[in-house]
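Biologist: Hi! Could you walk me through this one? I'm new to reading structures, so plain words please.

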Amino acid sequence: MINYQTATRIAASTGTPVFVYDEAQLKAQAEAALTIPAPFGLTVRYAMKAAPTRAILRLFSDKGLHFDASSGYEAERLLAAGIDASKISLSTQELPVNFVELVQQGMSVNACSLNQLETYGKALPGTQVGLRFNPGLGSGGTNRTNVGGPASSFGIWNAKVEEVRAILEKFSLCAFRIHTHIGSGSDPEVWKRAASLSLRMAEAYETVTHFNLGGGFKVARVEGENSTDLQACGAPVAQLLEDFAERTGRKLHFEIEPGTFLIANAGALLTRVQDIVDTGEEGYSFLKIDAGMTEILRPSLYGAQHPIELLQAKPGTVRRPVIVVGHCCESGDILTPAPGDPEALSARDLPDARIGDFALIGGAGAYCSAMSAKNYNSFPEAPEILLCTDGSIKVIRKRQTLEQILVNEA
């Protein structure tokens, strides 16, 4: 995606650190998502929490994708980007105070708790609503990426079918969508089980026309990780939908909400080595870069792995084990933790580094610029650029200034 010459050109334009997205790869991933089997219609919704920059939203909209918003603020951000409300589905832990206005504009809402459903019914009786259930099954590389099962607060617990039905009847609500999301993973059998459990929810409500299995399609960022095969995952679910139609006469429209799948490996963070230190023969060698948890929190949060490559004018031939650390005054600002263990160090073999070398952190398209320790140590938000298919560089988010950090302070 980026070589030394391209890195030099980017750094001359924006400085470092800077997020870099590949336009061609973003489009290719959108096209791939649209091929998942769906016998009775498909809607692919981009989970915008992965990376909500306006240019990315518009690119995916142009490719025919709809959108999943996880807060009222995300919903309004989509509207501000020119996305039609009818293309937006809102599933949120915190129902926004203006949800009635959003629905009246054409947005759909999935009630994620009994209280949300009651609140929705009181405000909008006689309308349609989606239902997000916890099917009792979860998936994820760590507990922090698992959003299903008894340890998760996301969605209405699957045993509360009759309580949901009572609220629907009380307010004459029409349940049109069943939504579940179990977390991140790549096992087709787990996804099939989740689909089977979720279809029981759909069967319990005769008005349901849409079936949404969320996202969580894992991609391999580093060697040894597995990527989700959408065809392998989609085929058994398509068969379940066909079986459901044969049994009930109801042909459910299928929805998915990928985020990571669409953008993770289409983005990278370009940084520079700004210092090199060691702790003696019995210790470690450390490469300090000009970025860190202020741009990529995933390693510090749950031991996530990202590929790291040095881009050098004269590539070194000798490789040495090093720990890559960030620029924050925080011992947890580590870019090379042990897999799944943010508190353990895991050295990477990299060429001999020199201060000023570029360090490219891959797999940084999803849940990096959007999910970080923003402004910690008062570091500004990094800019974002798009590497366009014509070879040009387009700045899609400028570097934040100190004045912008201070603007809301009294």
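**Cavities, a helix and a core**

Modeller: Happy to! This is a predicted model, and we can start inside: the second largest cavity holds about 60 Å³ of space.

Biologist: How many cavities of 30 Å³ or more are there?

Modeller: There are two of them.

Biologist: And which residues line the second largest one?

Modeller: Among them are Phe19, Thr294, Glu295, Cys368, Lys374, Pro380 and Arg397. By class, the lining splits into four nonpolar, four polar and four charged residues.

Biologist: OK, what about pockets? How much space is in the second largest pocket?

Modeller: About 180 Å³. Its lining includes Ser70, Ser71, Gly72, Tyr73 and Glu76, along with Thr92 and Glu94. Here the classes are three nonpolar, five polar and two charged.

Biologist: Switching topic: how many residues does helix H8 have?

Modeller: H8 runs over residues 188-204, which is 17 residues. From first C-alpha to last, H8 reaches 25 Å, close to the expected 24 Å.

Biologist: Which of the H8 residues are buried?

Modeller: They are Val190, Trp191, Ala194, Ala195, Ser198, Leu199, Met201 and Ala202.

Biologist: What covers them?

Modeller: The cover includes helices H7 (161-170) and H9 (230-248). Strands take part too, including S6 (128-134), S8 (174-179), S9 (210-212) and S10 (253-256).

Biologist: I spotted Trp191 in that list. Which residues touch the most other members of the largest nonpolar core?

Modeller: Trp191 is one of them, together with Tyr46, Phe60 and Leu131, in a core of 98 residues. H8 gives the most to this core, with seven residues. Another core lies apart from it, with 13 residues, among them Ala11, Val18, Ile385 and Leu387.

Biologist: Back to Tyr46, what is it in contact with?

Modeller: Leaving aside neighbours within four places in sequence, the contacts of Tyr46 include Phe60, Leu65, Phe67, Asp68, Pro258 and Ile263.

Biologist: Asp68 is charged, right? Is it buried or exposed, and why do you say so?

Modeller: Asp68 counts as buried because its relative accessible area is 6%, and buried means under 20%. Asp68 sits in strand S3, residues 66-69.

Biologist: What does Asp68 touch, not counting residues up to four places away in sequence?

Modeller: Arg45, Tyr46, Ala47, Met48, Glu74, Ser89, Ser91 and Glu257.

Biologist: Last one: how far apart are Asp68 and Gln404?

Modeller: In sequence, Asp68 and Gln404 are 336 residues apart. In space, 28 Å lies between their C-alpha atoms.

Note on methods
Residues are numbered from 1 along each chain as its sequence is written. This is a predicted model: local features need pLDDT of at least 70, side-chain atom pairs count only at pLDDT 80 or more; totals for chains, interfaces and linings use all residues. Side-chain values use heavy atoms; hydrogens and water are left out. On a 1 Å grid over the protein atoms alone, a cavity is a set of points where a 1.4 Å probe fits but cannot get out, and a pocket is an open set with protein on both sides within 12 Å along at least five of seven lines; lining residues have an atom within 4 Å of a point. Grid points are joined across faces, edges and corners, and a volume is the space filled by probe spheres set on the points. Ala, Val, Leu, Ile, Met, Phe, Trp, Tyr, Cys and Pro count as nonpolar, Asp, Glu, Lys and Arg as charged, and the others, Gly among them, as polar. Helices (H or I, at least four residues) and strands (E, at least two) are DSSP runs, numbered from the N terminus. The expected span of a helix is 1.5 Å times one less than its number of residues. Buried means under 20% relative accessible area, exposed over 50%, partly exposed in between (1.4 Å probe, protein chains only). Contact means heavy atoms within 4.5 Å. A nonpolar core is a set of buried Ala, Val, Leu, Ile, Met, Phe, Trp, Tyr and Cys residues joined through side-chain atoms within 4.5 Å.
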